[in-house]
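Work through the exercises below with the sequence and the coordinates at hand, and attempt each task before reading its solution.

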Amino acid sequence: MSKQLLNIMNSSLLTPVPSIPTTPLSPSPSAAMLACGASYPNVAARIAERPTATRVLSIFGTRPEVIKFYPVLKEMDKRSESILSITCVTGQHRQMIDPLLSLFDIATDVDLNLMTQGQTLSNLSARLFLALAPVFEAVRPHLVLVQGDTTTAMIAAMCAFYYRVPVGHIEAGLRTNDRYNPFPEEVNRRIVSVVGNLHFAPSSYAADALRAERIDMNTVFVTGNPVIDAIMLIREKVPSAAARQLLDRVEAADAATNAVLPAGQKARHILLTAHRRENHGEGIAAICRAVKRIIAQHKDVHIWYPVHLNPAVCVPVRQELGKMERVHLLDPLEYDVFVHFLDRMYMVMTDSGGIQEEVTALAKPTIVLRETTERPEGVDAGVTKLVGINDDTIVKEATLLLTDDQTFAAMSRKCFPFGDGTAAQQIVDILLTSLSTNKLSIGA
Ligand code: UD1
Ligand code: UDP
């Protein structure tokens, strides 16, 4: 990078600007700008091939982000004549995203590979800032897309703001109004909303939350959540060998249990997931106690738990539940396997955000192992129920679903409060219109 360009960049980054400039980023980057891409030769080559194309930089790094970005990236690929889509994987997660990147066939232009074992929020954040700056300098994007509320999303949005690059936020407007629940995601998504320029809300409920925060409603669009697009795209595919293998395991467990149950009774299968930071420690311990009690009280029940790789989760869970009869601890499942598996389950117990959304489209009664939820749509629709993380309450609510046919039937209802599977198409339409009408520009 030339000294002159560095000076210009540094001064524009560090000096407070009294009036916001509205000059759009030059559509054709200068030779000096392209030279910044030297550390990312692939990116530089892609830009050099189409120097006047609109560059959209998508930044993601965790399992839920990859799943929810997938339909949007696929849609941008369809419009490649209008958009040069560049992907940056932060690698906040590693093992949990690699199979997804290959399942979805996502080409990564940049992989920062940042994950460390047991990473802390501040350490990861600091490394993200340092690693993302050269990516911004190499890509000089016209727009940055982030999804949700992870550390990756929050720091990427802040970084875009420092570079005065407009930010599009997928899954905007989720709120619990409790800054420590979920922690730190509630604050992360608020920060993204403050720096965001286009807010893609999954529901009118989320849009209302943004209105209440005085976000300009001309920049808020109710598009649905692309997780519904993702689940629909995956369900179109025939189950993979890995999915069939796991489903066979369920059938085998079924047969073994049915053989010892009194006539007329049949085995039932519960999917459990829990990983949230606010549930680490006592929350996870309470969930394990509840699992033991449910298994003891219901001889027909199997509990299947794909355990998150976070050591704060997998170490205590494997210690407490590792040797229990009818409790199956699994490694994290590939997404296609997970979706087919979820479909086979009788009911779900989870603290996951994405799963609260997916169960609405699959009509799976779900008890939510959290004190608050930013996804009241599922609760309002009667498919999910917020039960907290007290073991007595978890056992009581699970037992209700296992014993009361009416409650079970009322919660087994397919509904689409998070959109009809066209979120990605809507998001890309909106960002193209906004970019082409010059509504978004540097400093916009
Ligand atoms: C993060 C998100 C959370 C999301 C969750 C999805 C933030 C602030 N939170 O959780 O919203 O629900 O991801 O899973 O960004 N690990 C591996 N391999 C992996 C992934 C994780 O070993 O592929 C282990 C590592 O030890 C890592 C730890 O899990 O350090 C925690 O990962 P991290 O992304 O920091 O998790 P959370 O912040 O809890
Ligand atoms: N998921 C998966 N394999 C698993 C567990 C979950 O593919 O073993 C998917 C699930 O379908 C959902 C997403 O991961 O789309 C949710 O991610 P996670 O629970 O890690 O994060 P959250 O949604 O809570 O932020």
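Three exercises follow, on the chain as a whole, on one strand with its neighbours, and on the two ligands.

The model is predicted, so local features need pLDDT of at least 70 and side-chain atom pairs count only at pLDDT 80 or more, while totals for chains, interfaces and linings use all residues. Residues are numbered from 1 along each chain as its sequence is written, and chains are lettered from A and ligands numbered from 1 in the order in which they are written.

**Exercise 1. Describe the chain by its secondary structure, burial and contacts.**

Solution. Begin with the DSSP runs, numbered from the N terminus, where helices are H or I runs of at least four residues and strands are E runs of at least two; the chain has 19 helices and 13 strands. Next, call a residue buried if 20 or more other C-beta atoms, placed from the backbone, lie within 10 Å of its own; buried residues make up 47% of the 444 residues. Finally, take two residues to be in contact if their C-beta atoms, placed from the backbone, lie within 7 Å; of the contacts with a separation of 6 or more, 70% link residues 24 or more positions apart.

**Exercise 2. Place strand β9 (residues 301–306) among its neighbours.**

Solution. In β9, 5 of the 6 residues are buried, so the strand is largely enclosed by the rest of the structure. Two strands pair if DSSP finds at least two bridges between them, and β9 pairs in the parallel sense with β8 (residues 268–273) over 4 bridges, with Arg268 bridged to Val301 of β9. The chain passes from β8 to β9 through helix α12 (residues 282–297) in a right-handed β-α-β crossover, meaning that, with the strands pointing away from the viewer, the path from the first strand over the helix to the second runs clockwise. With β10 (residues 327–330), β9 runs parallel and shares 4 bridges, and Pro306 has Leu330 of β10 as its bridge partner. Helix α13 (residues 311–321) completes a right-handed β-α-β unit with β9 and β10.

**Exercise 3. Characterise the shell of each ligand, counting residues whose C-beta atom, placed from the backbone, lies within 6 Å.**

Solution. Around ligand 2 there are 16 residues, with Pro306, Leu333, Ser352, Gly353 and Gly354 the closest. Helix α15 gives the most to this shell, with 4 residues. Domain 1 (3–225 + 421–436) and domain 2 (234–411) both contribute, so ligand 2 lies between them; the bounds come from an automatic or database domain assignment. Ligand 1 is surrounded by 22 residues, the closest being His93, Met96, Thr150, Leu309 and Asn310, and each of the two domains supplies at least three residues to its shell.

Key
A residue is buried if 20 or more other C-beta atoms lie within 10 Å of its own, exposed if 12 or fewer, and partly exposed in between; C-beta atoms are placed from the backbone.
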